[in-house]
Amino acid sequence: MPLSLVAYRDNTCDPKKCTMKKLERFGLLKVVTKINQIQKNTLLLDPRANVLSPSDKSWVKSVTALDCSWEVFDATDFSAWKGRRALPFLVAANPVNFGKPFTLTSVEAIAAALVILGEKNQAEQILSKFHWGLNFLKLNEEPLDEYSKAKDSTEVLKIQSEYIG
């Protein structure tokens, strides 16, 4: 059974270009507009948290992306969510930030989390809705494969260090 996908949106980006709104239109993700609508037991993608690893799979039932401005992000206390995780080093494949490290769209971030958690088919499904989407998996094939085989976050960080040098 695929993981439930959620996005918190603060509506600061153009809804016509928003990857989360597009996934919502396809019925692949639920968008929430209030912080208190985010379930406390979700895997919350937060770049300030400990790194995600395959060992998290045992408790993850849903993945939530924070699709909001940095001002909102920095002003919000997400410490109540115990399942906060950051993604390791990956590069963007989206047309705006192609090749830039750590500048993923929300769909790229969710897809990366899915691959690391062993849900590659679900990652391919959501990325296939974007003409550039599957390129994200090709561009990051080697690190994603290695991250998905790591035993824990310490090993993910060790692998990451090989890429960032």
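Start by selecting Ile126 in this predicted model. Show what surrounds Ile126, leaving aside neighbours within four places in sequence: Leu5, Leu23, Leu28, Val107, Ile110, Ala111 and Leu114 are in contact with it.

Now widen the view to the largest nonpolar core, which has 43 residues. Ile126 is among the residues with the most contacts inside this core, along with Met20, Val63 and Ile110. Next, color helix H3, residues 106–116. H3 gives the largest share of the core, 9 residues. For background, nonpolar side chains tend to be buried together in soluble globular proteins.

Keep H3 and add helix H4, residues 120–127. Their axes lie 7 Å apart, and the packing angle is about 165°. An angle over 145 degrees counts as roughly antiparallel, so H3 is roughly antiparallel to H4. The crossing of H3 past H4 is left-handed.

Show side chains here. From H3, pick Val107, Ile110, Ala111, Leu114 and Val115; they meet Lys120, Gln122, Ala123, Ile126 and Leu127 of H4. This contact has 8 nonpolar residues, 1 polar and 1 charged.

Stay on H3, but swap H4 for helix H6, residues 141–149. The axes of H3 and H6 cross at roughly 45° and come within 8 Å. That angle makes H3 oblique to H6. Select Ala112, Val115 and Ile116 on H3, then Leu144, Tyr147 and Ser148 on H6; these residues make the contact. Which kinds of residue make up the contact of H3 with H6? There are 5 nonpolar, 1 polar and no charged residues.

Methods. Residues are numbered from 1 along each chain as its sequence is written. This is a predicted model: local features need pLDDT of at least 70, side-chain atom pairs count only at pLDDT 80 or more; totals for chains, interfaces and linings use all residues. Side-chain values use heavy atoms; hydrogens and water are left out. A nonpolar core is a set of buried Ala, Val, Leu, Ile, Met, Phe, Trp, Tyr and Cys residues joined through side-chain atoms within 4.5 Å. Buried means under 20% relative accessible area, exposed over 50%, partly exposed in between (1.4 Å probe, protein chains only). Helices (H or I, at least four residues) and strands (E, at least two) are DSSP runs, numbered from the N terminus. Contact means heavy atoms within 4.5 Å. Axes are lines fitted to C-alpha atoms, for helices over the stretch in contact, and angles run from 0 to 180 degrees between N-to-C directions. Angles under 35 degrees count as roughly parallel, over 145 as roughly antiparallel, 65 to 115 as roughly perpendicular and the rest as oblique. A crossing is left-handed if the near helix is turned anticlockwise from the far one by less than a right angle, and right-handed if clockwise. Ala, Val, Leu, Ile, Met, Phe, Trp, Tyr, Cys and Pro count as nonpolar, Asp, Glu, Lys and Arg as charged, and the others, Gly among them, as polar.
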